[in-house]
Amino acid sequence: ERSGYFLQTSFVKEASLVEGGNDEITFFDSNTGKPLFNAPRERTFQEFLSESKAHGWPSFRDDEVVWENVRILPGGETVSVDGTHLGHNLPDSKGNRYCINLVSVAGQPEKSANK
């Protein structure tokens, strides 16, 4: 996914509508439906969006990662535990920053086997 692609989708508009942009949004694996990220966490939606725009991809921090479903491979490639390529860890002065392809986290929640 090229830099800035997420800005050409309806993502920003739709995300802004979630409780006025103040609640966390869960981002799901586009292949499995498992939750991968919850954002924004410990920052505002505007801070999340500003950082994402500056780097060209939705950018998540360590406390926004659902670690039971996400792995970082040697070299920084970020993948789901089921093998979906998500993006890369590109640390900056604030710590780990996961620049993630929107198409990889645009899934719907997995359906429970009991439903």
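This report describes the largest pocket and the aromatic pairs of a predicted model.

**The largest pocket**

The largest pocket has a volume of about 330 Å³. It is lined by 18 residues, and those closest to its centre are Phe11, Glu14, Leu102, Val105 and Ala106. By type, the lining consists of 12 nonpolar residues, five polar residues and one charged residue. Helix H1 (11-17) and strand E1 (25-28) each contribute at least two residues to this lining. The largest share, four residues, is supplied by E1.

**Aromatic pairs**

Across the whole structure, a search finds eight aromatic pairs. Two of them are set out below.

| Pair | Distance between ring centres | Angle between planes | Arrangement |
|---|---|---|---|
| Phe11 and Phe27 | 5.9 Å | 50 degrees | tilted |
| Phe48 and Phe60 | 5.4 Å | 50 degrees | tilted |

Phe11 belongs to helix H1 and Phe27 to strand E1, so this pair ties together parts that are 16 residues apart in sequence. Phe11 and Phe27 are both buried.

The pair of Phe48 and Phe60 also links distant parts of the chain: Phe48 lies in helix H2 (residues 45-55) and Phe60 in strand E3 (residues 59-60), 12 residues apart. A residue counts as buried when its relative accessible area is under 20%. Phe48, at 1% relative accessibility, is therefore buried. Phe60 is likewise buried, because its relative accessible area is 0%.

The four residues in the table also belong to one aromatic cluster, which is formed by Phe6, Phe11, Phe27, Phe37, Phe45, Phe48 and Phe60. Phe11 thus appears both in this cluster and among the residues closest to the centre of the largest pocket.

Technical notes:
Residues numbered from 1 in each chain as written. Predicted model: local features only at pLDDT ≥ 70, side-chain atom pairs only at ≥ 80, totals over all residues. Heavy atoms only, no water. 1 Å grid on protein atoms, 1.4 Å probe; cavity = no way out; pocket = protein on both sides within 12 Å on 5 of 7 lines; lining within 4 Å. Points joined across faces, edges and corners; volume = space filled by probe spheres on them. Nonpolar A, V, L, I, M, F, W, Y, C, P; charged D, E, K, R; others polar. Phe/Tyr/Trp six-rings, centres within 6.5 Å; stacked < 30°, edge-to-face > 60°. Buried < 20%, exposed > 50% of the residue type's maximum accessible area, 1.4 Å probe, protein only.
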